[in-house]
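Biologist: Thanks for sitting down with me over this one. Could we go through the model together, a question at a time?

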Amino acid sequence: MTDLWWKSAVVYQIYPRSFADADGDGMGDLRGIIDHLDHLAELGVDVIWLSPIHRSPQDDNGYDISDYQDIDPLFGDLATFDELMKGVHDRGMKLIMDLVVNHSSDEHAWFQESRSSRDNPKRDWYWWRPGREGMEPGTPGAEPTNWGSAFGGPAWEFDQKTGEYYMHLFSPKQPDLNWENPEVRQAVYAMMRWWLDRGVDGFRMDVINMISKVLPLADGRLTAGQAYADGSAGYINGPRNHEFLHEMYEQVFAGRDGLLTVGEMPGVTVDEAILFTGQERQEVDMVFQFDHVWADRGGDPWRVFPLQLTVLKGIFGRWQAGLAEEGWNSLYWNNHDQPRVVSRYGDDSPEFRAASAKMLGTVLHLHRGTPYVYQGEELGMTNYPFQSITDFRDIEALGQFRQATEIEGREPADVLTVLRARGRDNARTPMQWDDSANGGFSTTTPWLAANPNYPQINAKAERADPDSVFHYYRQLIALRHSEPAVVDGDFTMLLPNDERLYAYTRKLGGTELLVIGNFTGETIEAEIDGWDGAELVLSNLPANGLTMAPWQAVVLRRTR
Ligand code: TEU
């Protein structure tokens, strides 16, 4: 068994285009990251995960890679990358890369060859299919299956040149690679070894539970009012997914120590996650699942549902119990695809923003699993006040808006309400470093506007204030490093039917922790017995026994 160092680690995610712009072109870059490494070292994180910096046409902000072994000139070059990696390692941290291999860019040389003719040797590296029987290829409805793509429109693009369609679960500029073809897999593994040989410490694997498709490809279920079907049964946790990941382990990771592999897996079930992350199985170290960030979604994608705390607790409780003996989970509220948690599950008003950001961090971090901090979360950064669709840059927001308003006939104002609450650009506004123009992110107009609250919410101010969200996150991270019960303790959910308080215990040997978070703006008496006189480990507000002030979090410890 390898060393499971990552169980006590905290990961920090950087979205490079929004982190720091050193060369003044309005876009973050590698030099900008190098300049701010001390911020991360001071926070105390162990691992940095970089969203894609590879060469890319940037159709989906780099999740569309045209050269897996080069850096996009927007961000820098390989020499600067090596300098960044050294800066990370010198500070005792590790660096993991994004691995986007469910699909490539349509501008990748592999796809250029594949699309050039039906008998090109790389034709089978992607998913090419003729149009539907008896229909004119290229006309609406003639797509090989009825699946919709994540960013609006069908999951198939007709290619005039060879008269066939190719599959793209995301944008038409992100054709899906055909993992059934062993040459594709070998090419990917060779590329991964190249990065590891260069010195990177692992990978966060983008939608890695979509690489195995169910054959033959078949239509999905069509819901009334929706233009395209949900095809996910045809590509989520497909039949060869485990086989592919185990093969990858053997060919890329076996015999290398100290690495971290994270499988991003939308729609993964607890039972599947146990298989993906079971130690003996040699697939990936941990999953990155979505159930808790989909807790405020219902059947209608164009409605915002308020969070029901018991639902959220049910989800966390199920995952904690399911992975109690075998398997490992990531713990996150935020990433580059999710709205800011303080606006979503907390209260981002000036009165409660800092308290609720700290409470949410506390409740999340002290579960069993590996916590992730997404850039700006450690400052309590909030959602952006989007006024109109023209304020958005994200291909998902723009594509879904088009489909919902133009094809499905929904009210633009209603669609905008949902995008404002959930849109990915909420997470992608520039990192707020100080109160100078653009929050100190860039000396020029950024690619996406900075949140106008940067004069109040920024790293410089928070580093100077011992009571800030930043310094609270430092304590939370330090607690994971110092308290073994946080890493390995048994988890027990308390008050499962309470809609206002989130409470649980962690127990390891003679040490037990009690974690309580108040998810409301009211004072509530927590009715939990047996903790009189327990040691106060952490609280975001002055503690008063189990009387929970608005948005208060309390962590207690007792030993026997
Ligand atoms: O996201 C996968 C994913 O399923 C969603 O989170 C996605 O962002 C979308 O909202 C689904 O409707 C990963 C990346 O994190 C995301 O940025 C990419 O756009 C996507 O894969 C494609 O590479």
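Biologist: How many residues of the shell around the ligand are nonpolar, how many polar and how many charged?

Modeller: Happy to start there, and keep in mind that this is a predicted model. Sorting the shell by residue class gives 6 nonpolar and 3 polar residues, and the charged ones number 8.

Biologist: Which residues come nearest to the ligand?

Modeller: The ligand has 17 residues around it. The ones that come nearest are D60, D206, D337, E396 and R424.

Biologist: What is the distance from an oxygen atom of the ligand to an N or O atom in the side chain of D337?

Modeller: A pair of N or O atoms within 3.5 Å counts as a polar contact. The side chain of D206 has such an atom 2.7 Å from a ligand oxygen, and for the side chain of E396 the distance is 2.6 Å. For D337 the distance is 2.5 Å.

Biologist: How much of the ligand does the protein bury?

Modeller: Taken alone, the ligand exposes 480 Å². The share of that area buried by the protein is 89%.

Biologist: Which domains does the shell around the ligand draw on?

Modeller: Each of two domains gives at least three residues to the shell. They are domain 1 (5–102 + 177–473) and domain 2 (103–176).

Biologist: What radius of gyration does the protein chain have, set against a compact globule?

Modeller: The C-alpha trace spans about 75 × 55 × 50 Å along its principal axes. With 560 residues, a compact globule would come out near 24 Å, so the chain agrees with that at 23 Å.

Methods: Residues are numbered from 1 along each chain as its sequence is written. This is a predicted model: local features need pLDDT of at least 70, side-chain atom pairs count only at pLDDT 80 or more; totals for chains, interfaces and linings use all residues. Side-chain values use heavy atoms; hydrogens and water are left out. A residue is near a molecule or strand if one of its heavy atoms lies within 4 Å of it. A polar contact is a pair of N or O atoms within 3.5 Å; within protein, one must be able to donate a hydrogen and the other to accept it, and residues adjacent in sequence count only if both atoms are side-chain atoms. Accessible areas come from the Shrake-Rupley method with a 1.4 Å probe; for residues, only the protein chains shown count as cover. Ala, Val, Leu, Ile, Met, Phe, Trp, Tyr, Cys and Pro count as nonpolar, Asp, Glu, Lys and Arg as charged, and the others, Gly among them, as polar. Domain bounds come from an automatic or database domain assignment. The radius of gyration is taken over C-alpha atoms; the globule rule is 2.2 Å times the number of residues to the power 0.38.
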